Amino acid sequence: MGPQRIALIIPTCGRPDDLSACLKSIEREADATLAQIVVVDDGVDTPVVVPSSVAGVPVLLLRNPERRGAAYCRNVAVRGLADDIDAVGFIDDDARLCEGWLKIACSELTEDRGALTGPVRRFDRGLVSHARQLRYDRRYAPLKPGQAVGFLAGGNALVWRDLLAAAGGFPDTPTMSDRFLVRRLEAQGRHCHFVPDMYVLHRNSKGLPVAVREAWRAGLLDDTPDATHPLIRLATGTRDALDGLPQTAAALLNVALDAVYLTGRARDHGRRPGVPAVEPAVAVLTTAEEGR
């Protein structure tokens, strides 16, 4: 039997138009299983405004006094769930549910599965968006429907509430918290499973500086073993990009982001998780972006 009462959690940070579109997509999909929506305003200067209900489903609005990040917001929202919620969905404010998302998610989250995740597809344009989508598509290409995977998209997921509570929620890290949550679920003997039809449309690009910052942070936090020497990895990526017309520009951008990621990995993994006080690559790119 699948979940009977679902809550959707949406962290938001200064994107009112995207949030409105997200809620409209939820309104279209809402059925009897959707019992609650929780929106967490992550310390923006102008507080977000949301309706009291969407398709008759109550909307709970929570606010952080200062910006704390998506993982923190998701954990705050979990503590505000109604008692009868048995599964929790996580959606980004700049995502839109695909047609049938709720029905598909409810049918696929069976008792032997800890969580579900599905594809993320872009609706925006631009090189950074294209590059990110290329990374997603390469991740999805070899996967089979229902396959257990070692990742979870924090903006497209459904998790059993009791397992989420037993796992202690999302690790409060600046990036990769969704992947670390999968590890916590696996420690309980449950896995995250990939459902191709459970997809969302997403604004992939937040700008080049953000893409670089996230690559840097991911490198700092990633503690998995290195399977390939960094220079070989970058050389292979460059060769594949040059052979991959018409996606060469996006693929080369991914090589550059991979170099930033590998630079982060090369730093001491024994340091406290977080972002160093000085991020030279990000500072340079931010300055260049602001000057355009």
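**Exercise 1. How many bridges join strand β7 (residues 115–117) to β10, and do the two strands run parallel or antiparallel?**

Before we start, a word on the model: it is predicted, local features need pLDDT of at least 70, side-chain atom pairs count only at pLDDT 80 or more, and totals for chains, interfaces and linings use all residues. Residues are numbered from 1 along each chain as its sequence is written, and side-chain values use heavy atoms, with hydrogens and water left out.

Solution, step by step:
- Start with the terms: helices (H or I, at least four residues) and strands (E, at least two) are DSSP runs, numbered from the N terminus. Two strands pair if DSSP finds at least two bridges between them.
- Now count: β7 is joined to β10 by 3 bridges, and the two run antiparallel.
- To find the pairing by eye, look for Leu116, which stands opposite Leu158 in β10.
- Then turn to strand β5 (residues 87–91), which is joined to β10 by 5 bridges, again antiparallel. Here Gly89 stands opposite Leu158.

**Exercise 2. Work out why strand β10 (residues 156–160) is largely enclosed.**

Solution, step by step:
- Take the cut-offs: buried means under 20% relative accessible area, exposed over 50%, and partly exposed in between (1.4 Å probe, protein chains only).
- Check each face: Asn156, Leu158 and Trp160 are buried on one side, as are Ala157 and Val159 on the other.
- Conclude: 5 of the 5 residues are buried, so β10 is largely enclosed by the rest of the structure.

**Exercise 3. Describe the open sheet of 3 strands and find its edges.**

Solution, step by step:
- Read the order, which is β6-β12-β8, with mixed pairing.
- Find the edges: β6 (95–97) and β8 (120–122) each have a single partner strand, so one side of each is left without a neighbour in the sheet.
- Look at one pair: β8 and strand β12 (residues 200–202) run parallel and share 3 bridges. Val120 has Val200 as its bridge partner in β12.

**Exercise 4. Locate the largest nonpolar core and the residues in it that touch the most other members.**

Solution, step by step:
- Define the core: it is a set of buried Ala, Val, Leu, Ile, Met, Phe, Trp, Tyr and Cys residues joined through side-chain atoms within 4.5 Å.
- Pick out the best-connected members: of the 64 residues, these are Ile10, Ile26, Ile37, Trp101 and Leu152.
- See which strand gives the most to this core: strand β2 (residues 34–42), with 6 residues.
- Zoom in on Ile10, taking contact as heavy atoms within 4.5 Å. Leaving out residues up to four places away in sequence, Ile10 touches residues including Leu19, Ile26, Ile37 and Ile91.

**Exercise 5. Explain why Cys13 and Cys73 do not form a disulfide with each other.**

Solution, step by step:
- Apply the rule: a disulfide is a pair of cysteine sulfur atoms within 2.5 Å.
- Compare: the closest cysteine sulfur to that of Cys13 is in Cys73, 7.8 Å away, which is too far for a bond.
- Check the surroundings: Cys13 counts as buried at 18% relative accessibility, and Cys73 is buried at 0%.
- Finish with the tally: the count comes to 0 disulfides by this rule.

**Exercise 6. Is Ser177 buried or exposed, and what does Ser177 touch?**

Solution, step by step:
- Place the residue: Ser177 lies in helix α6 (residues 177–187).
- Read its accessibility: Ser177 is buried, with a relative accessible area of 5%.
- List its contacts: not counting residues up to four places away in sequence, Ser177 touches Ala71, Arg74, Phe170 and Pro171.
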